[in-house]
Amino acid sequence: MNDEFYMREALSLARSAECLGEVPVGAVVVCDGKIVGRGFNSPIGDSDPTAHAEIAALRDAARNRGNYRLPDCELFVTLEPCAMCAGAILQARISRVVYGARDLKTGAHGSVVDLFAVEQLNHHTEIVGGILAEECAELLSGFFAARRTGKQVEA
């Protein structure tokens, strides 16, 4: 299995979010080649500003592994993490993050700020961006275009 395989799993979760009227972002946590955490955006449905895909996937993985630290795990997410999610990723000690599309409005891997590059932090995570970027970006742009025209995504 490779990065594209896991990103496709994250894209599937992003589509689940879209069907619920949420911004279509999905994430999976992988340890030793196995998906141990899954999540998708749900801040509207959960009335929770922290209900981003990454946070949900980290929570799921931590529960499944019985540990809030996930140092031997990778996170695959369809959109560049925001500052909140970058902080959670660093706190969880994720070893590697792979994301799809860049987020020019809130991205924390160089699009707006680069929290992962702050040398003073006590943990550093390897970051790979641009995996299935076009597909991830198209899902997001299609979602927002439909919202502007008042169309709903059908399940």
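**View 1. The whole chain, with its 5 helices and 5 strands.** Helices (H or I, at least four residues) and strands (E, at least two) are DSSP runs, numbered from the N terminus. Starting at that end, the elements follow the order α-β-β-α-α-β-α-β-β-α. The radius of gyration, taken over C-alpha atoms, is 15 Å, close to the 15 Å from the globule rule (2.2 Å times the number of residues to the power 0.38), so the chain is as compact as a globular protein of 155 residues. Its C-alpha atoms fill a box of roughly 45 × 30 × 30 Å along the principal axes. This is a predicted model, in which local features need pLDDT of at least 70 and side-chain atom pairs count only at pLDDT 80 or more, while totals for chains, interfaces and linings use all residues. Residues are numbered from 1 along each chain as its sequence is written, and side-chain values use heavy atoms, leaving out hydrogens and water.

**View 2. Inside and outside of the chain.** Of the 155 residues, 46% are buried (under 20% relative accessible area; exposed is over 50%, partly exposed in between; 1.4 Å probe, protein chains only). Among contacts (heavy atoms within 4.5 Å) with a separation of 6 or more, 57% join residues 24 or more positions apart. On the outside, the chain exposes about 7,900 Å² (Shrake-Rupley method, 1.4 Å probe), with 52% supplied by carbon and sulfur atoms.

**View 3. The largest nonpolar core, with its 41 residues.** A nonpolar core is a set of buried Ala, Val, Leu, Ile, Met, Phe, Trp, Tyr and Cys residues joined through side-chain atoms within 4.5 Å. Look for Val29, Leu75 and Ile94, which touch the most other members. Elements that give two or more residues to this core include helix H1 (3-19), strand S1 (26-31) and helix H5 (133-149). The largest share, 6 residues, comes from H1.

**View 4. Valine 29 and the residues around it.** Leaving aside neighbours within four places in sequence, valine 29 is in contact with Leu75 and Ile94, and its other partners include Val36, Ala57, Leu58 and Cys73.

**View 5. Cysteine 73 in strand S3.** Cysteine 73 is buried, at 0% relative accessibility. Not counting residues up to four places away in sequence, cysteine 73 touches Val29, Val30, Cys31, Arg65, Ile94, Ser95 and Arg96. The C-alpha atoms of cysteine 73 and arginine 96 are 7.0 Å apart, although 23 residues separate the two in sequence.

**View 6. Alanine 101 in strand S4 (residues 96-101).** With a relative accessible area of 5%, alanine 101 is buried. Its contacts, apart from neighbours within four places in sequence, are Thr78, Leu79, Glu80, Ala133, Cys136 and Ala137. Alanine 137 is 36 residues away along the chain, yet its C-alpha atom is separated from that of alanine 101 by 5.3 Å.

**View 7. Two loop residues with positive phi, serine 47 and leucine 132.** Serine 47 has phi near 50° and is not a glycine. This serine 47 sits in the loop between helix H2 (43-46) and H3, and is exposed, with a relative accessible area of 66%. Leucine 132, also not a glycine, has a phi of about 50°. The loop that holds leucine 132 runs between strand S5 (126-129) and H5. Buried or exposed: which word fits leucine 132? At 15% relative accessibility, leucine 132 counts as buried.
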